[in-house]
Amino acid sequence: MTIPAPLARPARGTARKLHGLWEASPLTYLTLLVALVLSVAPIYWMVVVATRTNDVVANVPPPVLPGGHLGSNVNRLFDNQDAYFAKGLLNSFVVSSCVTVSTVFFASLAGFAFAKLRFRGRNALLLTIVATMMIPVQMGIIPLYMIMVKLGWQNHLQAVVVPFLVTGFGVFMMRQYAAQAVPDELVEAARVDGCTTFGVYWRVVLPALRPAAGVLGLFTFMQTWNDFMWPLAVLNPENPTVQLSINNLANGHFDDYTLMFAGTTIAVLPLLLVFVVFGRQIIGGIMEGAIKA
Amino acid sequence: MTSVGTRPVRPAPRAGGTPRAGRGRALLARLDVKASPYAFVAPFFVVFLVFGGYPLVYTLWVSLHDWGLASGTRKWAGFGNYGYLFGDEQFWHALENTVGIFLLSTVPQMLLALLLANTLNRRMRAATVFRIGVVAPLITSMAAVAIVFGQLFDTDYGFVNWLLQSHIDWHTGRAWSWTAIAVMVDWRWTGYNALIFLASMQAIPKDLYEAAAIDGASRIRQFWQITVPLLRPTILFTLIISTIGGLQMFTEPVLFGSGTSNKMDGGATHQFQTLTMYMYDNAFGHDRYGYGAAIAWALFLLIIVFSLLNFLFVRRAGGTR
């Protein structure tokens with residue numbers, strides 16, 4: 001595998017085959033370039049339409065560059081009477097932030113307990129958590145709605161926050177990470193120093209869990225931000241999340257493409273920024289098998 | 001770690017208090033050690049029991065009633081809702097749609113993700129750029145995807161018809177609308193699954209391939225006889241996750257139907273109405289919560305059946321080739 005390229009070149013047959021095994025060929029780059037373009041093009045097209053006027057969709061061939069109407073489209077978006085777009089954005093920030101902070105906190109706390117503390121029933125409880133990960137959430141949406149009616153929570157944001165304060169997936173992910181990232185000696189030492197169990201978590205374990213907690217936080221935020229079905233069921237159109245604002249637009253303005261695309265662009269923008277800044281960490285998180293859809 | 005050295009020194013001052021205070025503190029410390037673990041894992045179980053486990057079981061109870069929230073009806077129906085389900089043509093139609101869209105999206109998606117992962121699994125420049133690029137679709141919401149692709153698949157002005165130089169009515173035809181929705185799903189998830197496969201591929205020892213190459217096995221044969229069999233557990237995991245998600249498909253077809261009077265219909269002839277949409281429409285649209293709950297249970301069964309099929313399929317596929 002360490003044959004230098006100039007030496008390998010004249011040697012045909014086996015040696016060359018071995019050397020070439022893991023090298024990218026021009027065909028590799030071409031394939032990946034096509035995949036890259038296909039992945040990014042719809043997002044780019046969304047931005048292009050959001051910056052133009054409505055006659056854009058009838059243009060043949062379709063325009064390639066952004067136009068100068070982003071400002072006016074965004075103004076129309078926030079002035080729109082049906083979308084409640086500003087409220088949707090604000091609600092989504094509040095809801096996603098609450099769910100993210102809470103999930104990271106409770107999941108790392110429980111993950112620490114499962115990985116580093118001894119207690120009776122530990123394995124059985126962990127197994128239960130893994131089993132709950134297999135249950136599709138939407139299955140229970142009808143009784144969940146009935147609970148919200150009983151509590152008087154329909155149309156209130158707590159209805160889309162409280163059921164998601166901590167997930168089995170988050171607990172399991174933090175447990176896996178804590179098991180290998182937090183040395184037992186560290187926990188012992190902190191105890192000897194007089195820390196309570198929560199003190200050990202707060203001062204020693206949580207800092208050590210930061211990388212995994214970051215990835216869990218990113219993905220929880222993304223998932224909450226993009227959730228659609230449950231908010232649609234339990235919130236009304238006047239108090240929406242940003243995805244419901246998009247849905248509001250699609251109800252009455254489905255042929256006003258620049259308005260709708262301005263809406264989707266603004267709705268995707270926060271996550272796009274997060275993705276640009278933390279792209280590497282997100283890739284790392286997915287590849288460590290840490291992320292579930 | 002240096003604090004380990006202070007072990008004999010540190011606790012000493014604490015022992016210097018009055019004996020009673022010392023005992024009280026020791027008791028508290030024991031309580032802390034005994035009870036803290038349970039307190040730490042309790043939040044998950046509380047949230048899950050109230051908002052996850054209980055609703056799931058309660059769905060069964062609701063499904064045995066004629067249950068309307070707006071009308072206030074709540075009448076025992078036994079298995080009436082399930083009996084109705086078997087004769088309900090629209091249910092079977094939605095079931096066909098769900099399975100059709102699921103197969104149309106999952107089969108190409110898995111193959112494409114495997115190929116993409118295999119292509120990414122080389123020494124190359126700008127590897128991170130390509131990896132980030134192919135998972136970029138993941139950040140978009142399904143609602144946004146459905147709206148953008150709804151326009152791309154427009155009959156008269158859509159980019160897809162322009163590219164194909166065709167005039168396909170992607171929204172009206174049953175097979176065409178399934179295809180359009182499957183394309184949306186695959187666009188969003190293929191790169192993500194490819195990265196999961198890539199992570200597993202990187203764990204395969206390279207000398208396996210070297211040995212195969214010396215024996216004269218072609219790249220394609222190496223892929224099917226080494227890579228794919230060794231990826232079996234990962235493929236199974238990904239398939240099951242895709243099955244759970246795919247059979248519950250909701251957001252994409254709902255917003256793909258923008259412009260029709262009832263978006264839960266999935267088009268004028270229900271050509272792309274999924275089971276979840278039918279459940280949602282019955283419960284929240286028509287105040288038939290009991291029947292909606294019965295559909296939810298049917299869907300749950302369907303997911304279990306398909307997960308088992310995945311299991312059998314993956315075991316068979318990698319077994320004796």
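A nonpolar core is taken here as a set of buried Ala, Val, Leu, Ile, Met, Phe, Trp, Tyr and Cys residues joined through C-beta atoms within 7 Å. In this predicted model, the largest such core holds 159 residues, and the members that touch the most others are A:Ala110, B:Phe44 and B:Ile295. The biggest contributor to this core is helix 8 of chain B (residues 174-201), which puts in 14 residues. As for B:Phe44, its contacts beyond four places in sequence include a run of chain A residues: A:Phe106, A:Ala110, A:Ile129, A:Val166, A:Gly168 and A:Val171.

That leads on to how the two chains meet. On the chain B side, 82 residues are in contact with chain A, and 82 residues of chain A make up the other side. Helix 2 of chain B, spanning residues 19-63, gives the most to the chain B side, with 18 residues. Sorted by class, the chain B side comes to 57 nonpolar, 18 polar and seven charged residues.

Taken on its own, chain B is built from 14 helices and two strands. With a radius of gyration of 27 Å, well over the 20 Å that the globule rule gives for 321 residues, chain B is more spread out than a compact globule. Along the principal axes, its C-alpha atoms take up a box of roughly 90 × 75 × 40 Å. Of the 321 residues in chain B, 42% count as buried. Looking at chain B contacts with a separation of 6 or more, 70% of them join residues 24 or more positions apart.

Chain A, for its part, has 15 helices and zero strands. Its radius of gyration is 25 Å, where a compact globule of 293 residues would come out near 19 Å. The box filled by the C-alpha atoms of chain A is roughly 80 × 70 × 35 Å along the principal axes. Buried residues make up 43% of the 293 in chain A, and 73% of the chain A contacts with a separation of 6 or more are between residues 24 or more positions apart. Chain A splits into domain 1 (1-40) and domain 2, the latter in two pieces, 83-243 and 270-287. The centres of these two domains of chain A, taken over C-alpha atoms, sit 42 Å from each other.

The records add some labels for chain B. In an unreviewed UniProt entry, residues 95-310 of chain B carry the annotation "domain: ABC transmembrane type-1". That span is 72% helix and 0% strand, and its end C-alpha atoms lie 18 Å apart. UniProt (unreviewed entry) also lists "transmembrane region" for several stretches of chain B, among them residues 38-61 and 230-250. Residues 38-61 of chain B are 100% helix and 0% strand, with 31 Å between the end C-alpha atoms. For residues 230-250 of chain B, the figures are 81% helix, 0% strand and 33 Å from end to end over C-alpha atoms.

One residue worth a closer look is B:Tyr291, found in helix 14 of chain B (residues 289-319). B:Tyr291 counts as buried because 27 other C-beta atoms lie within 10 Å, the cut-off being 20 or more. Its C-alpha atom is separated by 5.5 Å from that of B:Asn81, although the two are 210 residues apart along the chain. Setting aside neighbours within four places in sequence, B:Tyr291 is in contact with B:Asn81, B:Tyr84 and B:Asn282.

Definitions and conventions:
Residues are numbered from 1 along each chain as its sequence is written. Chains are lettered from A and ligands numbered from 1 in the order in which they are written. This is a predicted model: local features need pLDDT of at least 70, side-chain atom pairs count only at pLDDT 80 or more; totals for chains, interfaces and linings use all residues. Domain bounds come from an automatic or database domain assignment. UniProt positions are given in the numbering used here, feature names are shortened, and annotations may be inferred rather than shown by experiment. Helices (H or I, at least four residues) and strands (E, at least two) are DSSP runs, numbered from the N terminus. Two residues are in contact if their C-beta atoms, placed from the backbone, lie within 7 Å. Ala, Val, Leu, Ile, Met, Phe, Trp, Tyr, Cys and Pro count as nonpolar, Asp, Glu, Lys and Arg as charged, and the others, Gly among them, as polar. A residue is buried if 20 or more other C-beta atoms lie within 10 Å of its own, exposed if 12 or fewer, and partly exposed in between; C-beta atoms are placed from the backbone. The radius of gyration is taken over C-alpha atoms; the globule rule is 2.2 Å times the number of residues to the power 0.38.
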